[in-house]
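User: Hi! I'm new to protein structures and would like to learn how to read one. Could you walk me through it?

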Amino acid sequence: MLELLKIQEIREFTREVKTAQSAGIATTASEAKILKEHGSLIAFGQKVETCKQSRCAQLSQLNDQQQVLTQQYNQTVTSFEKEIRRRKSVDDALLDPRNLSSKAKEIVESQPGTVLIYPFVLEDKIWLLWAAKGGIIKSVAVPVSRKQLGETVVQFRQAVQSQSPGDRQAMLTTGKQLYDWLIKPLEPELKANKIQNLVFSLDRVTRYIPMSALFDGEKYLIENYAVSTVLSADLTDLRDRLPASNQTSILALGASEFKDKDYSPLPSVPAELNAIVQQKSPSNQLNGGFSGSKFLNQSFNFRALRDNLIAHKILHIATHGKFVSGRPEDSFLVLGSGEKLTIPEIKTLQDLNNIHLVVLSACETALGGADQDGVEISGLSSYFLSNGAKAVIASLWSVNDASTSVLMYEFYRTLAASTAKKPMTKTEALRQAQLSLIREGGNFARPFYWAPFILIGNGQ
């Protein structure tokens, strides 16, 4: 009987071209059956997971249904396999959709209530690939061309970065449009299953999007979910999490003054470093977020960075830097000595495998055009990750250093409250810091000040 059921479901998948609409997501007949029985695909995945653990009587039938979902996904990916191979040849950081199932399992199981979302951009459409616990992988076709998507992303970024109050409506309108393309098709699943964490693997021009600032018509995405990003499978190490604050120290380096007049002063950097590195007050009490070491201005040189990595878990760099569009290998950070920390030098660092988090405060990414692939955004971060760091926090554009210092103080204050019994993830700490600026109101509540900061890699 079960074998007949399996054959029938595979026939439904391979032969039926008509789709039904259930809960706002296009489904095949076999998927519609799963939705009718379990309410949602994520709920079905949870049922499969529970059944596997208990070896329930329905396991074979559930596995048959799950197999059909996987076959559907694989057939979709096969249809653009040539494009995947082309992309892989020019983008080492690409997460291969063909391997999504195995990598997604590790990602979605790393934190409860997690969904991986991967918008794979083709010339005539977006394939919205997503995965959830229990082996759920699905593809949704969004009929938006690469050109239309790129133009909307550029308009959104320009509106978010604009200092003009008149651009607020353009920001909300384009933010809502991007939300409708990239999030809304999955909204019924997310809401029905109380999903808390969205992990994005971004492709092409979507890499320029500050995902936290997408707008559902009432709230920004960050108000409903913790948001992070992953690159390729090889650059995503989820084997452990940042230790509790009493077991974590920080190496903080920064520059507030620059000889080169091309770089404006960052007067808030000294206070930023003082706020995140513990120091004794006049009353001999420790303040600041973490124990550690700090190097400011002239003392921040390459040797100070290289020679102190091994003793710390967090590397915080507060200085100017640039992710260079079109030539990611030319990206750099400006040292306090005035020299540039280049990609070849980053690749020589031997002790990054001890670093759980690299924070690149005050850097910027030049906004590419509508036809750009955003490879440079992952460029600088990927070199830290490939050399062993578990995660990187970077910014998509240069932000007022006063607001950055406020956000960084809130981030580290929240992260420092983490204990073994009540752990705080890096992703949630960043979210709480961003929410603190929104809730305070005033000028810093604008997405311009909090939305550019993105976490790439292990969010735990």
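User: Let's begin with exposure. How exposed is Glu81?

Analyst: Good place to start! Keep in mind that this is a predicted model. For exposure, we look at the relative accessible area: under 20% is buried, over 50% is exposed, and partly exposed is in between. Glu81 has a relative accessible area of 27%, so Glu81 is partly exposed.

User: Which residue does the side chain of Glu81 meet in a salt bridge?

Analyst: To find a salt bridge, look for a side-chain nitrogen of Lys or Arg within 4 Å of a carboxyl oxygen of Asp or Glu. Here the partner is Arg98, at 3.4 Å from N to O. Arg98 is partly exposed too, because its relative accessibility is 34%. Glu81 sits in helix α5 (residues 81-90) and Arg98 in the loop between α5 and α6 (100-108), so this pair ties together parts that are 17 residues apart in sequence.

User: How many salt bridges does the count come to?

Analyst: The count comes to 19 salt bridges. Some are joined up: Glu83, Arg86, Arg87, Glu123, Arg146, Asp203 and Arg204 are linked in a network.

User: What separates Lys191 and Glu187 in helix α9?

Analyst: About one helical turn, because they are four residues apart in helix α9 (residues 187-192). Their side chains meet in a salt bridge, with 3.8 Å from N to O. Now compare the two ends. Lys191 has a relative accessible area of 56%, so Lys191 is exposed. Glu187, at 15%, counts as buried.

User: Which residue forms a salt bridge with Glu31?

Analyst: That is Lys138, whose closest N and O atoms to Glu31 are 3.0 Å apart. This pair links distant parts of the chain: Lys138 is in strand β5 (residues 136-142) and Glu31 is in helix α2 (residues 29-38), 107 residues apart. Lys138 is buried because its relative accessible area is 3%, and Glu31 counts as buried at 1%.

User: Which side chain makes a polar contact with the side chain of Gln72?

Analyst: Glu31 again! The polar contact between the side chains of Gln72 and Glu31 is 3.2 Å. Gln72 is found in helix α4 (residues 59-78) and counts as buried, because its relative accessibility is 13%. Sequence and space can also be read side by side: Gln72 and Ile137 are 65 residues apart in sequence, while their C-alpha atoms are 9.1 Å apart in space.

User: What about Lys426: is it buried or exposed?

Analyst: Lys426 is buried, yet it has no salt bridge. The nearest side chain of opposite charge is that of Asp240, 7.2 Å away. To see what surrounds a residue like this, check its polar contacts next. The side chain of Lys426 makes one with the side chain of His356 (3.2 Å), and it also reaches the backbone oxygen of Asn458 at 3.0 Å. Lys426 is found in helix α15 (residues 426-440). Leaving aside neighbours within four places in sequence, its contacts include Leu242, Leu357, Phe411 and Gln460.

User: Which residues touch the most other members of the largest nonpolar core?

Analyst: For a core, we follow buried nonpolar residues that join up through their side chains. The largest one has 125 residues, and Leu315, Leu360, Phe384 and Phe411 touch the most other members. Apart from it lies another core, of 21 residues, among them Tyr73, Leu100, Ala131 and Ile137. Back in the largest core, Leu360 touches residues including Ile317, Phe323, Leu333 and Phe384, not counting those up to four places away in sequence.

User: How many aromatic pairs are there?

Analyst: The count comes to 11 aromatic pairs. When reading a pair, look at the distance between ring centres and the angle between planes. Phe215 and Tyr220 are tilted, at 5.7 Å centre to centre with 55° between the planes, and both residues are buried. For Trp397 and Phe448, the centres are 6.4 Å apart and the planes are at 20°, so that pair is stacked. Trp397 lies in the loop between β18 (391-395) and α14 (401-416) and Phe448 in helix α16 (residues 447-450), so the pair links distant parts of the chain, 51 residues apart. Trp397 and Phe448 are both buried.

User: Which residues do ring pairs link into a cluster?

Analyst: Those are Phe80, Tyr118, Phe120 and Trp127. Try finding them in the view!

Terms used. Residues numbered from 1 in each chain as written. Predicted model: local features only at pLDDT ≥ 70, side-chain atom pairs only at ≥ 80, totals over all residues. Heavy atoms only, no water. Core = buried A, V, L, I, M, F, W, Y, C linked by side-chain atoms within 4.5 Å. Buried < 20%, exposed > 50% of the residue type's maximum accessible area, 1.4 Å probe, protein only. Contact = heavy atoms within 4.5 Å. Helix = DSSP H or I, 4+ residues; strand = E, 2+ residues; numbered from the N terminus. Lys, Arg positive; Asp, Glu negative; His and termini not counted. Polar contact = N/O pair within 3.5 Å; in protein donor to acceptor, adjacent residues only side chain to side chain. Phe/Tyr/Trp six-rings, centres within 6.5 Å; stacked < 30°, edge-to-face > 60°.
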